[in-house]
Amino acid sequence: MQKTDTTQSPWSNALRLLALFLIIPAFVLAGCDSNDNGGEEPPPGNGGGNGDPFTVEAYDTTTVDGEDAIRVTDVDQGGIGYVDENGDAVTDITWSSDFVYILEEYIFVNDGQTLNIEPGTVIKGAPGSGENATALVVANGGTINADGNPGSDDPSTADPIIFTAQADDGSGLGRDVRGQWGGIIMLGDAPLNTVPGTQTVEGISLADDDNRDEYGGSNAGHNVGTFRFVQIRHSGAQLGAGDEIQALTLGGIGNGSTIEYVEAFASSDDGFEWFGGTVNTRYLIAAFNADDSFDMDQGMQGNHQYWLGIQSPVEAGRIAEMDGGTDPEDGTPLASPKVYNATYIGIGPGANAQGDNNSPFLIHRDNNATSYYNSVFVEGGRDAGLQVEDLASGADSRARQEAGDLNHENNLWWNIGPNWDPGATVDPTTFEDIIQLTTDDQGNEINPSYRDDLAQYLRDNGNQLLENSPVVSVSRDAGSNGLNPLAAGDATSGAPAPDAANNNSGANGQLDDTGYYGAFDSSNNWAKGWSLLDQNGYFN
């Protein structure tokens, strides 16, 4: 992985500072752009075209742990923008890889503002919780262009953008160090299924006259910008009891947006959470997050392909928590995203993790109808692998499954549940054994007969319980080089082509015909070259 070397000698620091004072007044403060992306770099310190001091309150140049850094604050709800020495508002900003940016509070990309982030840029969240938590928030109408590999899909050429904790020296803080700062929140005006159709995102506490936390609307094609080849490390600062920020929260984000090659590593809450929206995604990694790897709410839509989830045996929730509606649960649009080629690796056999503990591994509820195709589920479900909510009355996910909206087709299951042994000659594991039914307040199964019906549906639709692993190897230890999620055995071939009717509009809306199951083929690990998993020696 290409990295920006932020370790400087005293002489190189002196030369850089001299260059800054000579170059920035001429190019940045005069309004000329030294970047190809059209944004203007924020002033890194004093300067001015006539030698007069010019400072910007929102951007404070400093040195932190020997690194040239810019501390960023949100002044008078001004977001990332500032007023230049001529009194003109600057709303198109570039954060350069020449500096480390330290978020001192909630930093907003306001409506009408654009934040461009160069490849290799490091952004750190200062420590804090509650009202002092730090996060980057792209408000509805704001735009972010953060691309760690412009013009290329080749992971080996990426210089990833890194969001992390202030204490991170560049190597990460470890698999189970979480909650060191907030995270990233993006908001738009794509549809939700709530009443009213505009909501206030969780994880933000603003003044009554500040509506930058609102999302939702009717614009399915909303475009928040580009977010690719990005790491998000050690996020999830606690705001209150049981209330944390996810690594990446997407509220009402539309399918005009490009979100791909993003890693959520060691969040105190979820890796990725969607609140409605129509965005399509590809190449997402959720690694060692304390709650769910992937969480969906409020009528999430979109096509999603090539997702990798791997969980810690120390603390973990569900690999996927799929909710449909909140208020009302039968609100439209009904939640019906489609996930192709996921590889989900749970907490591991016999692990007893804190949290929801893979119980169950995948859960559909509240009228959710997330469909999975050509995917691989391994080493998860301490008690069970799959639950499709089945209530005595009211909207539930069973009705969506029986209506043909919620599909599990051609997925491979291995080492799921506490008594896994599909090859046993006596009492072999069956799909009935890995299904968990909904219970009432007394713990009684509401509709026991649904277990047989759901198990038969899985058998009839190409799902297989394997005797051998469909991935090469699994390890959850840094430096072990023992994790190899490439397709193995039955996963290497035979996956049916996606139904063309499932393609949709927008960025990444067209589904690939891979021929293999899971997020990886048998030879190419797209997570190498840009992820912290790779940098920390997890991969084989």
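**Exercise 1. Two cis peptide bonds**

Task: Place P360 in the predicted model, and state which residue shares a cis peptide bond with P360. Then do the same for P328.

Solution.
Step 1. P360 sits in the loop that runs between β26 and β27 (362-365).
Step 2. The partner of P360 in the cis bond is S359, and omega there is about -5°.
Step 3. P328 belongs to the loop between β25 and β26 (338-345).
Step 4. The cis bond at P328 is shared with D327, with omega about 5°.

**Exercise 2. The surroundings of β26**

Task: How many residues of β26 are buried? Which strands pair with β26, and in what sense?

Solution.
Step 1. Eight of the eight residues of β26 are buried, and the strand is described as mostly covered.
Step 2. Strand β24 (residues 303-310) pairs with β26 in the parallel sense over seven bridges. Within this pairing, W307 has A342 of β26 as its bridge partner.
Step 3. Strand β28 (residues 371-373) is also paired in parallel with β26, over three bridges. Here V339 is bridged to Y372 in β28.
Step 4. Strand β29 (residues 376-380) pairs with β26 in the parallel sense, again over three bridges. T343 stands opposite V376 of β29.
Step 5. As background, strands of a sheet pair through backbone hydrogen bonds, either parallel or antiparallel.

**Exercise 3. A sheet of nine strands**

Task: Give the strand order of the open sheet of nine strands, name its edge strands, and find the bridge partner of D295.

Solution.
Step 1. The order is β7-β10-β13-β19-β21-β23-β25-β27-β30, and the pairing is parallel.
Step 2. The edges are β7 (106-109) and β30 (386-388), each of which pairs on one side only.
Step 3. From one strand to the next, the twist averages 10°.
Step 4. Inside this order, β23 is followed by β25. Strands β23 (residues 294-297) and β25 (residues 320-323) run parallel and are joined by three bridges.
Step 5. The bridge partner of D295 is E321, in β25.

**Exercise 4. One side of a helix**

Task: Which residues of helix α4 (residues 450-460) are buried, and why do they count as lying on the same side?

Solution.
Step 1. The buried residues of α4 are Y450, L454, A455, Y457 and L458.
Step 2. Around the axis they cover an arc of only 155°, so they lie on the same side of α4.
Step 3. An α-helix has 3.6 residues a turn, so residues three or four places apart point the same way.
Step 4. The elements against which the buried residues of α4 pack are β30, α2 (397-402), β31 (408-409) and α3 (431-434).
Step 5. After α4 comes G462, with a positive phi near 80°.

**Exercise 5. Positive phi outside glycine**

Task: D65 and A266 have positive phi values without being glycine. Is each one buried or exposed?

Solution.
Step 1. D65 has a phi of about 55° and lies in the loop between β1 (59-64) and β2 (67-72).
Step 2. The cut-off for an exposed residue is over 50% relative accessible area. D65 has 69% relative accessibility, so D65 is exposed.
Step 3. A266 has a phi near 60° and lies in the loop between β20 (258-265) and β21 (272-275).
Step 4. A buried residue has under 20%. A266 has 0% relative accessibility and is therefore buried.

**Exercise 6. The contacts of V177**

Task: Where does V177 lie, and which residues does V177 touch beyond four places away in sequence?

Solution.
Step 1. V177 is in the loop between β12 (161-165) and β13 (183-187).
Step 2. With 28% relative accessibility, V177 counts as partly exposed.
Step 3. Leaving out residues up to four places away in sequence, V177 touches H234 and A266.
Step 4. V177 and S268 are 91 residues apart in sequence, while their C-alpha atoms are 8.4 Å apart in space.

**Exercise 7. The whole chain**

Task: What radius of gyration does the protein have, and what would a compact globule of 540 residues have?

Solution.
Step 1. A compact globule with 540 residues would have a radius of gyration near 24 Å; the protein has 24 Å, so the two agree.
Step 2. Along the principal axes, the C-alpha atoms fill a box of roughly 85 × 50 × 45 Å.
Step 3. Of the 540 residues, 59% are buried.
Step 4. The secondary structure consists of five helices and 35 strands.

Methods: Residues are numbered from 1 along each chain as its sequence is written. This is a predicted model: local features need pLDDT of at least 70, side-chain atom pairs count only at pLDDT 80 or more; totals for chains, interfaces and linings use all residues. Side-chain values use heavy atoms; hydrogens and water are left out. Helices (H or I, at least four residues) and strands (E, at least two) are DSSP runs, numbered from the N terminus. Buried means under 20% relative accessible area, exposed over 50%, partly exposed in between (1.4 Å probe, protein chains only). Contact means heavy atoms within 4.5 Å. Two strands pair if DSSP finds at least two bridges between them. Axes are lines fitted to C-alpha atoms, for helices over the stretch in contact, and angles run from 0 to 180 degrees between N-to-C directions. The radius of gyration is taken over C-alpha atoms; the globule rule is 2.2 Å times the number of residues to the power 0.38. The arc is that of the directions from the helix axis to the C-beta atoms.
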